[in-house]
Every structure is written in structure tokens, then in C-alpha cells.
Amino acid sequence: MTRQTLPQIALGATGLTVSRLGLGGFHQLEISSEVVTQVVDAFLEVGGTYIETARGYGNGASEQKLGRALAGRRDRVVLASKSGARDGDGMRRDLESSLKALQTEHIELYFFHGVNTLEELDAITGKGGAMEALLRAQEEGLIRGMGFSSHRPPELYLEAIRRIPLSVILIWDNYLEELYVPEIQQQVYPLARDRGVGITAMKPLADGFLYRSPEPALRYALGSGSDVLICGMNAVEHVYEAAGAIAKGPADADERHAILRDAPELGTYVCRQCGGCSEALRTLFRLEGYVDRQMIDFLPHDPADYALRLRLAHWFDLTGVAQQRFAEAGWDEASLMAEARGVGCPYGIDVARKAKFALAKLRAEQLNTL
Ligand code: SF4
């Protein structure tokens, strides 16, 4: 197997230079400490230097395993961890627990983890909030900078970047999600760049949905504007495969076009937003993505793929957001359907059928009767 040396990149204005492939901590929960150490060995071997985890991954279990695996060589990597605390006291407690579990005296980047509402952001940035605790930790040298992660629409990232002196964000980025949340690349990334905020991107394989296309998925995401791709590699082979893909560099414009055209996961159902439909129809399909990532298509799939779709379709739980935006749009649905019946989609999508399903999903109707 080819061993590749990973390309490195300056991470925003942090002054840190890190590998473009990052090792994600969540999936270290699924393997023993012994295998975690082997995975870390392989990651260091290919030139990996960015490892991220979270207090919430197994209540510190991921941090403990990574701390053991890094004992004696912690200085070879940039470490990031996260806390779900929104108040200052809770954040301080979590940071101290993270330092202990990771067996280190400092963590380069410490994140506000999974911030999903404006109210949470208010609590973090308000008096006695978690941001005060991390600013103090920064002064004490316990952390170098603050990070922000969420699983909600991009507006929250924009607000967080404006309100918090962040060093880095962690956001999802892959060729499935890009098709219905283009604001990540179009709005979040430019604002982050403008403010010197480093961009780390998670879910390059869309939580495993793109398992049939690991190299195209990684090379596509690598060219979408982030600095570091975080992969949840839980086997040595995964590290070598991911490193090999990253070492080939980002997909160029022609390759990106071909990936979107041929991706088996997109098939004849996921809208590529090619411009062949009106803005209203394309928005309808983006909102459908908010509901179930355009995974529930009522087309035949093999049992394993079908089970994966059912498990992943509602991971982001954005149905409420989609239905609110659908109601606000006030579309003339008869006109939408009339237009859909006349579209000849270059990707082979039956646009009228898809529009019917999308409307039903957004109206919360019983799909199985359609
Ligand atoms: S023609 Fe097909 S890919 Fe293009 S916007 Fe319409 S449904 Fe989407």
C-alpha cells in the first residue's frame, strides 16, 4: 500500500500549520484503545497533524483513548476538542476534564460544540457564559483559540463568526449536502476567510452515505473551500486510503462536474441545481434536502443501502426549518407542478415525480400512499 505524505496548510490566522486531513474522534469510540493507537500511528506516519475529538464523544472516552495513543508524542499534533457547555462554570469544568483525559497541559483549539439555536449562542456570549471561560483559558495558555460547531443551517455560523473572536469553525461539507445547503460555500466560507477564521470540514462522506465513492468524495470536498477535512477513520486502512486520496489533490472543475454527474448516491433523484428548473423548483428541492437529505426517493435500493438511507435521512433534523420556509414561500403549487411536468432533466430525474414527493414531504403528508 502506498504511503503518502499529506499536504499541509495554514489554518486561518491561527499561526498553526496542519495537515489537510484531520483525524476525527467520534469514530474512535467504535474501536478499542489498541486499535486507536494503531490508527494514530498510521495517521502520524502519513503526515497527519490535526486530531479532533469532543468531551461529548462517549463522555470523554474518545479523549481518553486519544490521550493514551498520543502519550509521549502529543507535541507532534494540533489537538482540538469540544464542550457542549453554554455557561462559564460548565465550560471550565469540561476544559479541565478534556486536558486530563487527553494527558496534556494545553489544547490548541477548544470548541463550542453543537450550538443549534440563537438562544444557545446568546448564553455562550452573555455574562457568565462559556465564551468568558474560554477567553480566560486563552489568557492562561490552556488553549490557543476558540472554535464553533453546529448542525443547523448556516445562518448560525454567520452569526457566531460575527459575535465570537473565533480561530476556527467545524462545518459539514460534501457533494450531497452542498447541493441543498450551498450557503456554506457561498456565505460561510467567504466570511470566515475575511475574518481569518480557519475552516475545518466534517462529514466529507456524508456520515458514510458516500461509502461507494470515498476517493471522489474526499477530492471533491477538498476543493470546496475548507482547510482541513475531518474524517472519522476507525481502521488503519481507512487512514491510508484517505491519505492517498488527499495526496492526489482536489478534483478539478471537469472532475467535479463528472463526480456530480455520475455519483451513484445522487442517481436519478438528487437535484444537481443545474439551472434547468426555475428558482422556485430548485428551492423546493433544497428544502426537500432539509427534510431528509433527498435520501427517501421510493426507488429500489439494495437492503444495506436502504437501511443506511433510513438511518441517515433525518440526521440533521431540519424538517421544522424546511416547513417554516415552505410556508413562507407561498408558492402556487399548481404552477410548480405544471412547470415540473415540462422539464427534461439532464440527470434523468423525473422532475414531476420528484416535485410531488417534495411537496408531500414539506406538507408532512403520508408519502407511502403516493
Ligand atoms: S433540471 Fe434536474 S438537476 Fe437541473 S435543476 Fe431541474 S431537477 Fe435539478
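**Two domains and what lies between them**

Domain 1 and domain 2 bury about 1600 Å² between them, and 59% of that area is on carbon and sulfur atoms. On the domain 1 side, the residues that lose the most area to domain 2 are Tyr 180, Asp 207 and Phe 209, which together make up 39% of what that side buries. Please keep in mind as you look around that this is a predicted model.

To find your bearings, follow the chain: the domain assignment places domain 1 at 8-259 and domain 2 at 279-369. The contact draws 21 residues from domain 1 and 17 residues from domain 2. Between the C-alpha centres of the two domains, the distance is 30 Å.

Now for the charged and polar links. The interface of domain 1 and domain 2 holds 4 salt bridges, and 6 residue pairs are in polar contact between the two domains. Sorted by class, the domain 1 side that touches domain 2 has 11 nonpolar, 3 polar and 7 charged residues. One salt bridge to look for in the model joins the side chains of Arg 325 and Glu 155, at 3.2 Å from N to O.

Next, turn to the nonpolar cores. The largest has 106 residues, and those with the most contacts inside it are Tyr 50, Phe 112, Phe 148, Leu 166, Ile 169 and Leu 284. Because domain 1 (8-259) and domain 2 (279-369) both give residues to this core, it lies between them. Another core, of 19 residues, lies apart from it, with Leu 179, Phe 209, Leu 260 and Ile 296 among its members. You have already met Phe 209, one of the domain 1 residues that lose the most area to domain 2.

Notes
Residues are numbered from 1 along each chain as its sequence is written. This is a predicted model: local features need pLDDT of at least 70, side-chain atom pairs count only at pLDDT 80 or more; totals for chains, interfaces and linings use all residues. Side-chain values use heavy atoms; hydrogens and water are left out. Domain bounds come from an automatic or database domain assignment. Contact means heavy atoms within 4.5 Å. Buried area is the accessible area (1.4 Å probe) that two parts lose on being put together, summed over both. A polar contact is a pair of N or O atoms within 3.5 Å; within protein, one must be able to donate a hydrogen and the other to accept it, and residues adjacent in sequence count only if both atoms are side-chain atoms. Ala, Val, Leu, Ile, Met, Phe, Trp, Tyr, Cys and Pro count as nonpolar, Asp, Glu, Lys and Arg as charged, and the others, Gly among them, as polar. A nonpolar core is a set of buried Ala, Val, Leu, Ile, Met, Phe, Trp, Tyr and Cys residues joined through side-chain atoms within 4.5 Å. Buried means under 20% relative accessible area, exposed over 50%, partly exposed in between (1.4 Å probe, protein chains only).
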